[in-house]
Amino acid sequence: MRGNRRQRQEMDLHLGTCLEAVRRRRPLIVCITNFVTVNDCANALLAVGASPVMTDSPQDAGDLLSCADGLYLNIGTVTAESAELMVHAARLAKQREIPVLLDPVGAGASEIRTKTAEELLISGNIGFLRGNISEIRALTGKSSTIRGVDVGAEDDKGAMFDANSALAAELAKRYSICVGVSGPVDRVASGRRLVLVENGDPLLPRICGTGCVLSAVSAAFAAAPQDPFEAFTAAFALCGLAGERARALLGPSCGPAAMRTAFLDSLFAIRGEDLDRGARLRRQGADNQ
Amino acid sequence: MRGNRRQRQEMDLHLGTCLEAVRRRRPLIVCITNFVTVNDCANALLAVGASPVMTDSPQDAGDLLSCADGLYLNIGTVTAESAELMVHAARLAKQREIPVLLDPVGAGASEIRTKTAEELLISGNIGFLRGNISEIRALTGKSSTIRGVDVGAEDDKGAMFDANSALAAELAKRYSICVGVSGPVDRVASGRRLVLVENGDPLLPRICGTGCVLSAVSAAFAAAPQDPFEAFTAAFALCGLAGERARALLGPSCGPAAMRTAFLDSLFAIRGEDLDRGARLRRQGADNQ
Amino acid sequence: MRGNRRQRQEMDLHLGTCLEAVRRRRPLIVCITNFVTVNDCANALLAVGASPVMTDSPQDAGDLLSCADGLYLNIGTVTAESAELMVHAARLAKQREIPVLLDPVGAGASEIRTKTAEELLISGNIGFLRGNISEIRALTGKSSTIRGVDVGAEDDKGAMFDANSALAAELAKRYSICVGVSGPVDRVASGRRLVLVENGDPLLPRICGTGCVLSAVSAAFAAAPQDPFEAFTAAFALCGLAGERARALLGPSCGPAAMRTAFLDSLFAIRGEDLDRGARLRRQGADNQ
């Protein structure tokens, strides 16, 4: 059964309203992120109407956070120094009541990545976590087939899918955060709710950084005044829908580089009503609402 | 009144000649810049005919400067270490009589950014400064509505516009440099002259890095044998015109990612005579020539 | 005389088989590379079917290498710290019998670049070296006209071409490695063999990072189970052919930014049989097979 508008209303999720709120408020998002996908993250934030500022320095981060609306942390090229910077910035953000999103890129693939993500979660300063299923499994202590930063292909199929949804929900509850898991079907979980987002395109994971971009966009949505679960879901639906729009524009044989351009431009073009019309949400059986 | 060719000739600015000089000489530009927009800066330098080399190490910078034609400094992701590197490199460049351009990204938004830009200006080793009006205001000690690295929306409207032009001219005089301010209408000031550049497109500021790119291109033009004010003005007109060309190619509903590609390719395609024909310059009333 | 299929078969090079092997095995390539072209390298690796992971930390690199298939080192923005990291990672990779490719960006242009490349070569942990002719000359102790990271225009013309091929072969023999030299005509040398690759497009060097991308792709091919010389040659032919495809799609007046997109998408689209059909190889007279 595909999600539809009526079901979404039953779920009481106003996705388009969240998008319009981001565009109206233009939240300033401080980003401490990897040097691989940083440019796409910045352009995606601009495309959805946010104002990005990247930093790699404790002095700078402290000042920037004094008037920021959100903090985006991404451990894609984490070092001992940048891990410390992230812990410091998350603490400041928490003090100032600014929402913090963590993308635990490659958690499970190296000790420094796993430990940094865990330390940030345990600190209680993180409000949103967005990863692929291998990363989420690693952070719940489950083994996975992760190698590097890509998702283990066997980790989310068949019966594993429901089990993984339960893990995401468990993680959300353990840390009192929202957890978003991207994959062929995305999941967003809070301690009370769980929703599947069926938007997307199979080419998106072949573009470097679409996961990071989804996280950056989610950080902007987290800074909107809406309900956190609702805003996070809107970010997932928006990015998936942007992939679908890009594919519709470019046709079946398009490559990932052309897709990237069209994906970013779709983030820019999609309006609140497009998002409400195009989002495909579904409650999962495991929904514990 | 829009600028036209005759007025430009009266101003004695030969913009196309500057562009052709860059393409002919292929200046080697050493860049110490942020990791967000560095790739666009490199591609823009290649597009206008310059040869970029990026560095993040004092040893490396020293050697590279020994045969360089220009130095581009950008504090977009400045750290305590890179600030020191920039100060060191600017001193070397000055000793070797190589022009240095500074882009004070986010000056006013954090202490480290403001202090680094000020230290570089006070050193006397900077010849060219290119920023948005919030950054320029911050460096003249004026408050602005800056948050992060974007321009404060209210900072350059109406009566503020002329006042800001006067500030840019004042800054140029104070440090004996050329100051370029980008915005809906750009301004280039030396101690004696002030010109408005009316080329551009409203989508350019929605692309991450177009300011940095303008600065990088300006550093290449600064290395041409032309008059510094003339060369700086040519760089502004070129980038604005490239935005116009991109828009003309892509139409009214294009997005920023497609625009970026077309903008870089327009930098590559525009010839000296195109620049002479397309540049729209105007003297300001405040012109103190 | 242009290379043709029959001659390639005589040379016993099965290029398409190498490409298909990369796509099938999806090798995990750990990359320690510059922050200028890192995103293109990652996207190119994804496009050919490999799985890239970038790192900038010793702890991280050690863990990632424990399940990696290849290591890519690039000194494009090398610092004292990253040079040390590269030496350390190359040693680990050697211990684990993982092939290591070095791109000596700007060797000859600064002491730290030259020394780092030499130290890595002398360590005996490098299996593949990919540079332009200025860099290769610098590493054989020959002077060149290099300034910055671009090739000296006069360094590979006329009689110099054959002399340079001999230098590449000499370097390959000295360190018992494969050496690939990119230029208007590429060369791949092992201690025993030398082949010219005539694929390519004149616009490729005007795109920042096509050299780095070729190196990254070569690192993925080096991780395939094929003969190292054969795999390296396949990577060169693939990248050259991708440039030709991009040009054929875009026409004679295309710019470098559009070309970049089409180039990356051609890397994604080209199949083994396309590569076998399109590769243009030639033995050189200096071939000492």
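This passage walks through the predicted model, from the arrangement of the chains to the sheet, a helix pair and a few single residues.

Relation between the chains comes first. Two copies of a chain are related by a rotation about an axis and a shift along it. Here, a turn of 120° with a shift of 0.0 Å along the axis lays chain B on chain C, and the RMSD is 0.0 Å. The two copies are thus related as by a three-fold rotation axis. Within chain B, B:Phe35 has the C-alpha nearest the axis, at 3.6 Å from it. The copies use different surfaces, and 12% of the contact residues of chain B recur in chain C.

The contact of chain A with chain B joins 24 residues of chain A to 26 residues of chain B. On the side of chain A that touches chain B, at least two residues each come from helix H3 (38–48), strand E2 (51–54), helix H4 (58–65) and helix H11 (256–269) of chain A. H3(A) gives the largest share of this side, with 6 residues. By class, the side of chain A that touches chain B holds 13 nonpolar, 7 polar and 4 charged residues.

Turning to chains B and C, the contact draws on 24 residues from chain B and 26 residues from chain C. Two or more residues of the side of chain B that touches chain C are given by each of helix H3 (38–48), E2, helix H4 (58–65) and helix H11 (256–269) of chain B. The largest share of that side is the 6 residues from H3(B). Its residues divide into 13 nonpolar, 7 polar and 4 charged.

The sheet is best followed in chain B. It is an open sheet of 9 strands with mixed pairing, in the order E2-E1-E3-E4-E5-E6-E7-E8-E9. Strand E2 (51–54) and strand E9 (281–283) of chain B stand at the edges, each with a single partner strand, so one side of each is left without a neighbour in the sheet. From one strand to the next, the twist averages 20°. Helix H10 (residues 228–250) of chain B packs on this sheet, where it touches E5, E6, strand E7 (186–189), strand E8 (194–197) and E9 of chain B. The direction of H10(B) makes about 170° with that of E7(B).

Individual strand pairs fill in the picture. Strand E5 (residues 128–132) and strand E6 (residues 178–182) of chain B pair in the parallel sense over 5 bridges, and B:Gly131 has B:Val181 in E6(B) as its bridge partner. Strand E3 (residues 70–74) of chain B also pairs with E4(B) in the parallel sense, over 4 bridges. In that pair, B:Leu71 stands opposite B:Val100 in E4(B). The side chains of strand E4 (residues 100–103) of chain B are split between two directions: B:Val100 and B:Leu102 point one way, B:Leu101 and B:Asp103 point the other way, and all are buried. In strand E1 (residues 28–32) of chain B lies B:Leu28, which is buried, with 24 other C-beta atoms within 10 Å. The C-alpha atom of B:Leu28 is separated by 5.0 Å from that of B:Ala68, although the two residues are 40 residues apart along the chain.

A helix pair in chain C is described next. Helix H9 (residues 210–222) and helix H10 (residues 228–250) of chain C pack at an angle of about 145°, and their axes are 8 Å apart. The crossing of H9(C) past H10(C) is right-handed. Among the residues that make the contact are C:Val213, C:Leu214, C:Val217 and C:Phe221 of H9(C), together with C:Ala231, C:Phe232, C:Ala235 and C:Leu238 of H10(C). Taken by class, the contact of H9(C) with H10(C) has 13 nonpolar residues, 1 polar residue and no charged residues.

Two loop residues deserve a look for their backbone. Most residues other than glycine have a negative phi, and most peptide bonds are trans. A:Arg26, by contrast, has a positive phi, near 50°. A:Arg26 is found in the loop between helix H2 (15–25) and strand E1 (28–32) of chain A, and is partly exposed, with 19 other C-beta atoms within 10 Å. C:Ser176 likewise has a positive phi, near 55°. The place of C:Ser176 is the loop between helix H8 (159–175) and strand E6 (178–182) of chain C. With 11 other C-beta atoms within 10 Å, C:Ser176 is exposed.

Conventions. Residues are numbered from 1 along each chain as its sequence is written. Chains are lettered from A and ligands numbered from 1 in the order in which they are written. This is a predicted model: local features need pLDDT of at least 70, side-chain atom pairs count only at pLDDT 80 or more; totals for chains, interfaces and linings use all residues. Axes are lines fitted to C-alpha atoms, for helices over the stretch in contact, and angles run from 0 to 180 degrees between N-to-C directions. A crossing is left-handed if the near helix is turned anticlockwise from the far one by less than a right angle, and right-handed if clockwise. Two residues are in contact if their C-beta atoms, placed from the backbone, lie within 7 Å. Ala, Val, Leu, Ile, Met, Phe, Trp, Tyr, Cys and Pro count as nonpolar, Asp, Glu, Lys and Arg as charged, and the others, Gly among them, as polar. Copies are superposed by least squares on the C-alpha atoms of residues with pLDDT of at least 70 in both. Two strands pair if DSSP finds at least two bridges between them. A residue is buried if 20 or more other C-beta atoms lie within 10 Å of its own, exposed if 12 or fewer, and partly exposed in between; C-beta atoms are placed from the backbone.
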